[in-house]
Every structure is written in structure tokens, then in C-alpha cells.
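Here is a short set of exercises to work through with the model open beside you. Try each task before reading its solution.

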Amino acid sequence: MVHPFPLARACSRLLPVFLIVLVASFAIQARASEPVRIGFMDPLSGSFASIGSSGLTVLEFAADYLFNSRGGILGGRMIEIVPLDNMQSPTETQIQFRRAVSEGLRIIFQGNSSAVANALNTAVTRHNRRNPGQEILQLNYSAVDPILTEENCSFWHFRFDAHAVMKLNVLTDFIAQNEDIQRMYIIGQDYSFGHVVAETSERLLREKRPDIEIVGNEFHPIGQVKDFTPYVTKIVASNADAVITGNFGADMVSLARSIMDSGLDIPIYTFYAAYDGITATLGADGKNRIRLVHNDSANPIPTEERKQFYRDFKAAHPDRDVTQPRLAMALAMLVQAMEQTGGTDPYELALALEDMRFTTLSGEEVWMRGSDHQIFQDLHVSVQTDEGIEFDADNSGFGLLTEYKVPAEETIVENRCEMRRPRR
Amino acid sequence: MPEVLVFATLNGLVTGLLLFMLASGLTVIFSMMGVLNFAHASFYMLGAYFAYSISLYFGYWIGLIVAPLIVGVLGALVERYGLRRVHQHGHVAELVFTFGLAFLIEETVQFFWGADTKNYQTPELLNFPLFTLFGQEFSAYRGFMLAISIGIFIGLYQVLTRSRVGLIIQAAITHPHMVANLGHNVPLIFTAVFGVGTALAGLAGVIAGPVLTTFPGMALVLGSIVFVIVVIGGLGSLPGALIASLLIGLLQSYAIAANVGMPELLELLGLEFPPSHPLDDLWTLDLAQIAPTLPFLLLVLVLIFRPAGLMGKREQ
């Protein structure tokens with residue numbers, strides 16, 4: 001049979017080809033300008049919302065300030081931060097992880113609660129094993145249970161914060177220098193991180209200062225204690241002259257408040273007793289009493305570059321603080337990995353991040369160890385005070401002043417990770 | 001040890017009486033309307049936040065008076081325009097309504113005040129130690145909390161048992177139709193009781209905010225424990241609520257103070273387990289570690305052995 005309109009027939013055959021070419025060219029164009037979407041999974045509602053939302057503000061600001069306002073990354077693509085509210089519950093984390101997968105997110109920032117980080121780590125590892133080519137990268141900026149880079153270490157997990165044992169090493173070194181401390185009381189939340197703090201402090205103090213007596217080692221349920229006064233009564237009765245705690249959020253404020261209300265004038269060594277209203281609430285009572293171990297000195301800030309970052313952040317968010325400067329560092333390292341690999345493939349990014357050496361806004365050189373994906377950076381012990389503070393917390397006039405600094409190379413701990421590396 | 005005992009008792013009393021201010025409102029509301037108000041602790045939180053905001057402009061003492069009033073009015077409005085409409089659909093609907101309300105209030109608080117801990121401080125006037133015993137200070141503010149809570153209990157008890165209003169309320173609890181037939185406006189009584197109950201919760205929030213920290217999770221921390229008290233004390237019983245509040249306050253306080261636990265118990269029994277034992281976590285558990293969960297254990301025990309609660313009159 002002869003087709004009556006040969007030309008039309010040829011055209012109709014070619015039409016799908018045209019269409020495909022057309023769509024494909026649009027797709028490529030769209031890809032070049034489509035944003036790089038990065039998930040941020042942390043509590044944005046519920047009891048722990050303050051920590052999560054302040055982290056989100058810092059990350060969003062860092063993305064805009066460092067990259068989007070300077071023409072984007074990867075030849076003009078913008079960074080878009082996608083908030084995923086996990087309410088700091090491992091169950092909700094699974095649900096949000098599913099959502100992230102279905103939305104096509106390939107990179108997830110997560111920081112709060114080691115229990116959640118562990119749950120996410122398991123979910124990510126399982127997902128990546130079952131869905132080759134669809135892998136997801138977990139960037140942990142704050143969960144400090146050592147297990148995440150030791151027994152449970154994963155190729156897909158990177159930690160941008162010193163873990164609890166590294167921090168306690170620095171903290172106990174500092175405590176060991178103080179001859180006045182003879183009796184130490186340890187109190188913490190009854191979960192993985194609290195236990196790590198308790199066991200490690202006890203072990204390290206015994207090594208460094210065998211003369212210090214541990215007069216109390218107490219756990220309390222996390223987020224359940226209404227009033228810490230009964231615990232403080234025990235601290236007073238034990239004649240302790242210093243306290244170590246890994247508490248965060250309301251548990252930290254309540255504990256410190258109760259200690260101060262009881263008239264007990266002893267130093268409190270902590271991890272998380274600043275910002276998000278805590279510094280303002282403790283105020284003058286916390287002066288020269290509250291000490292924190294952390295990275296990135298808050299006062300003095302060593303470089304003009306980071307000072308400007310803080311000032312511009314304050315201008316954009318007058319009620320907030322740069323609570324976790326390492327979020328900006330983690331993002332900048334990720335972007336460097338993207339530029340190096342020329343894309344956003346998690347496997348390639350992971351390879352690029354391994355053994356990356358990076359100079360932060362503070363001018364410090366940090367190292368992401370390839371064998372366990374643990375970062376090493378300068379660590380500081382700071383005190384809450386209102387003297388010599390250029391950048392305060394909670395607009396309270398009080399802030400953190402560095403008293404003791406340990407350079408990155410002295411914080412390096414032994415690698416205990418036997419990593420299962422994916423094959424490609 | 002005596003110093004620990006004295007302070008544990010004082011701490012237990014402060015906590016217990018604070019809990020009573022919440023539980024009293026909840027239990028009276030329950031006995032009148034038959035509904036467990038899940039949002040009760042949320043009104044406690046609202047009290048703290050309102051008082052915080054007011055204290056920024058007018059000082060603590062104005063907040064102490066005004067904040068509970070605002071919370072009370074809010075509570076009355078919730079009853080009048082929310083609960084009463086839902087009431088016709090039965091108790092389950094009411095329960096779900098208050099459950100939703102609790103979440104709504106928490107999110108609203110975060111929306112307006114943010115998620116951060118609020119810098120709500122005790123007033124200057126009470127910023128001194130009331131007395132110092134064995135090297136530990138008991139702050140004047142805690143004494144003030146004790147005084148307010150005791151005052152509230154006495155006042156509430158007098159009103160409910162001695163006054164005409166109290167008589168009508170008591171009658172409305174058991175015989176609402178008869179009271180209505182006698183010409184009293186029963187729905188109005190309900191609204192008023194709900195308002196006063198939430199105002200009490202608000203007052204508890206105002207006085208607890210500065211010491212127990214004002215943050216969006218404060219309702220959650222206290223919410224569950226208040227239910228435990230109401231159930232243990234016997235639903236609807238005011239003296240029961242008082243006894244249960246003190247019982248739980250003291251129980252927790254003593255449990256934390258006591259330096260005993262499984263290791264001591266095992267020693268007493270002459271048993272020993274190696275640290276590598278699979279149940280090592282259990283063998284090393286001490287009482288202080290589980291103190292905040294003890295009330296829930298008590299709840300389960302009371303429900304098994306005395307389902308009506310300590311002073312409850314509920315018929316089976």
C-alpha cells in the first residue's frame with residue numbers, strides 16, 4: 001500500500017525523535033540551572049526545636065552568604081536547603097528519610113542526638129546497599145557518639161565535629177591543670193552520649209589526675225526531669241568541687257539553674273551550655289562558672305573574614321547567633337568536593353571528602369580522615385563571661401571566651417574503624 | 001545524711017505542691033465534665049510565657065497577677081466555644097479535641113516566642129537565700145512557691161466546701177440536672193470552673209517558669225505526670241490529688257537522694273554478676289536513674305490494685 005502523503009509519513013516518524021531531542025535539551029538546560037538540593041534533618045518542632053532551628057538558620061545563611069550570593073556553585077547552580085523535621089525521634093527520622101528519598105535528596109545534614117544519627121546511619125547504609133546508583137550521603141555536624149566513626153562507621157557518613165572522647169580528652173587535660181579540683185561529680189542524660197561522657201571522663205581523669213576522687217556518677221532520664229534540685233542536693237552533700245555534664249537543651253539549663261540556686265559555687269564543665277537562650281538565662285550567675293569544650297573559638301575570632309560572616313549574620317538575624325560555625329565549614333567542604341568532582345554524585349563526593357584538607361573561615365586547617373571519616377580541628381575550652389567579649393550570645397552581653405586551645409594534630413585519636421567500602 | 005533528708009523533703013514538697021496546683025484544676029474539671037483535659041499542662045506553659053512577656057514591661061509581680069487571668073479567660077473561651085460544641089459528640093471527641101489543642105498551643109507558643117529557652121528570672125525581691133542548711137541554700141523564691149501553693153490549696157478547699165458557690169459546684173458535679181432545675185446556669189458553672197482550673201495551671205506556670213526554665217517543651221515534661229497524679233489520687237478527688245501530688249513529689253525526691261540500687265540489692269542477696277553479663281545494665285541500675293519513671297510504675301500498680309485511685313469514688 002502506497003501512503004498518500006509520503007512527506008507527512010516521514011514527518012510523523014520523525015516527530016517522536018524531535019520531541020525527545022527537544023525534551024532532552026530542556027532537561028539539560030534545566031539541570032544546569034536547577035538548584036542543588038540538600039536536606040537538613042533535625043528537630044524543627046517539639047521540645048528540642050531550638051537547637052534544630054538555629055542550626056537551620058546558620059546553614060541557610062551560610063549557603064546564601066558563601067555561595068548563592070556569589071553566583072552559585074557548579075557553574076551557576078544555587079544551593080537549596082530542604083528542612084526535614086525529625087522532632088529528634090528515631091522513628092520520625094525513618095519517615096523523614098523516606099521523604100528525602102522520594103524527593104530525590106542525595107545529601108542530608110543531620111546533627112542532633114547520637115541516637116538519631118545512629119538510626120539515620122543504619123537507614124542510609126541499608127538504603128545505599130539496596131539502591132546502587134541512588135546513594136545518599138550523611139553529613140553529621142554534631143552527633144558525637146564515637147561509635148559513629150568506630151564500630152558503626154560507614155563510607156556514607158562523615159562527621160564534622162570532634163567526637164565525645166576527643167572533646168573529653170581536651171576537657172580533662174584542662175581540668176587536670178587545675179590543682180584546686182579534688183572531687184568531681186559527673187551527671188548526665190541516660191542515653192548513649194551521656195554514658196560515653198560518664199565512662200570516658202572517669203577513665204581519663206583516673207589516668208591524668210589519679211588524686212581526683214569521682215564523688216558521683218549519675219544518670220537521669222533525658223528530657224523528663226522537671227526539677228534538678230534533688231540531684232543538686234546530692235552534689236552538695238558529696239562536697240564536689242566541680243561538675244562534668246554532657247546535658248543539652250532544657251536539661252542543661254535546669255541543671256545549671258538548680259546548681260546556682262542552691263548557692264553552690266563550683267565550675268561546671270559542659271559541651272552544650274551556650275546559645276539558644278541558655279547563655280542569657282544563666283547570665284551573670286554563669287559567669288566564670290560555665291565552661292564549654294567546642295571547636296571554632298567564639299571570642300576572640302581570629303580572622304576578619306569570619307568576623308564579617310558573624311556581623312552579616314547578625315544583621316540578617318538580629319535575634320539569632322552563629323551557634324554552630326562548623327555548619328558553614330561542612331557546607332564549604334561539601335561544595336569544594338562538588339567543584340572537584342564536577343557534580344553531586346554522593347559516591348564521588350565521598351571520595352573527594354576523604355582526606356580533604358581545608359582551611360576554614362577561622363584560618364584553621366582541618367583534616368577529614370579518610371579511614372573513618374572523622375574530622376580533626378583545633379579544639380577550645382571557653383568560659384562564659386562578659387569581659388573581652390566581642391561576639392556575645394543571645395544578645396546578653398555574655399559570651400564564650402577561649403581559655404585553652406589544643407591544636408588539631410594533638411586531638412588525633414587512633415582509628416578504630418573497619419570500613420566496608422562499596423564497590424563501583 | 002540528715003542534710004540530704006531535709007533537702008529531699010523540702011524539694012519533694014515544692015515539686016509536690018506545684019504539681020498539685022495543676023492536678024487540682026484537672027481533677028475538678030474531670031469530675032464536672034467527665035473529660036480529661038490533655039491540654040491542661042499547655043495552659044501551664046501559656047502562664048509561664050505570658051508572665052515572661054509581661055515581666056519584660058511591667059515586672060514580675062504584675063505578671064504574677066495578670067498572666068493567670070489571661071490564661072483563665074482563654075480557658076473559659078476554649079470551654080465555651082470549643083469543648084461545649086464538641087461535647088455533644090461524646091467523650092472521645094472531647095478527648096481528641098483537647099489532645100489536638102495541646103499540640104496547637106505548643107506550636108503557637110513556638111510561633112510567637114520562638115523555640116529558645118526564655119530568660120525568665122525570679123524577681124529581685126526574692127533573690128536571696130531564705131536559709132542555709134548544711135552548706136546548701138534554700139532560695140526565698142522556693143519558699144514563696146511553697147507559700148503560694150499552700151495558700152491556693154487552703155483557698156480552694158474553703159471555697160469548695162464552705163461557700164455557696166462551692167456547694168453549687170459540688171452539686172453540679174453529681175446532679176447537674178437537678179441543679180439546672182433549681183434555676184442555676186449549669187453551663188456557666190462549667191465554663192467558670194474550666195476557667196478557674198486553667199487559671200490555676202497558668203499560675204503554676206508563672207511561679208514555676210523562672211526555676212524550671214521556660215521553654216516550649218515544659219508542658220510535655222509536666223503533662224504526663226499530672227495525669228498520673230489525678231489517676232493515682234482518684235479521678236475527681238481534691239484531697240486525693242493533694243495526697244498523690246505530695247506522694248509523687250516526695251517519692252521522686254527521695255529516690256534521687258537515696259544512694260541505693262541494684263548493686264546494693266544484689267549485695268544484700270549475696271549475688272554477683274560479672275560486668276560482661278548480658279543484663280549488666282540491669283544489675284548496675286540505681287534508684288536515682290529511674291526516679292522520674294517511678295510515678296508511672298506507681299500508676300500501673302494503683303490501677304491494678306485499686307482502680308478507683310486512692311480516694312476515688314468511681315463506681316465500677
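**Exercise 1.** In which loop of chain A is the place of Glu387(A)? Then decide whether Glu387(A) is buried or exposed.

*Solution.* A word on the ground rules: this is a predicted model, in which local features need pLDDT of at least 70, side-chain atom pairs count only at pLDDT 80 or more, and totals for chains, interfaces and linings use all residues. Residues are numbered from 1 along each chain as its sequence is written, while chains are lettered from A and ligands numbered from 1 in the order in which they are written.

Step 1: find the loop between β14 (379-385) and β15 (399-406) of chain A; Glu387(A) sits there. Helices (H or I, at least four residues) and strands (E, at least two) are DSSP runs, numbered from the N terminus.

Step 2: apply the burial rule, where 20 or more other C-beta atoms within 10 Å make a residue buried, 12 or fewer make it exposed, and anything in between is partly exposed, with C-beta atoms placed from the backbone. Glu387(A) has 11 C-beta neighbours inside 10 Å, so it counts as exposed.

Step 3: compare positions with Ser89(A). From Glu387(A), Ser89(A) is 298 residues away in sequence and 39 Å away in space, C-alpha to C-alpha.

**Exercise 2.** Describe the backbone at Gln88(A), Asn288(A) and Pro300(A), and place each residue.

*Solution.* Step 1: Gln88(A) is not a glycine, yet its phi is positive, at about 55 degrees. Gln88(A) lies in the loop between β2 (79-85) and α3 (90-102) of chain A, and its 24 C-beta neighbours inside 10 Å make it buried.

Step 2: Asn288(A), also a residue other than glycine, has a positive phi near 60 degrees. Asn288(A) belongs to the loop between α9 and β10 of chain A and is partly exposed, with 14 other C-beta atoms within 10 Å.

Step 3: look at the peptide bond from Asn299(A) to Pro300(A), which is cis, with omega near -5 degrees. Pro300(A) is in the loop between β10 (290-295) and α10 (304-316) of chain A.

**Exercise 3.** What angle do α5 and α6 of chain B make, and which residues meet?

*Solution.* Step 1: fit the axes as lines to C-alpha atoms, for helices over the stretch in contact, and take angles from 0 to 180 degrees between N-to-C directions. Helix α5 (residues 140-162) and helix α6 (residues 164-174) of chain B pack at about 75 degrees, with axes 5 Å apart.

Step 2: classify the angle: under 35 degrees is roughly parallel, over 145 roughly antiparallel, 65 to 115 roughly perpendicular and the rest oblique. Therefore α5(B) is roughly perpendicular to α6(B).

Step 3: list the contacts, counted when C-beta atoms, placed from the backbone, lie within 7 Å. Val159(B), Leu160(B), Thr161(B) and Arg162(B) of α5(B) meet Val165(B), Gly166(B), Ile169(B) and Gln170(B) of α6(B).

**Exercise 4.** How many residues does each chain bring to the contact between chains A and B, and which element of chain A gives the most?

*Solution.* Step 1: chain A brings 35 residues and chain B 36.

Step 2: elements of chain A giving two or more residues include α2 (49-67), β7 (213-220) and α7 (229-237). The most come from α7(A), with 7 residues.

Step 3: check the confidence in the complex: the predictor gives an ipTM of 0.78 and a pTM of 0.83.

Note on methods: Contact = placed C-beta atoms within 7 Å.
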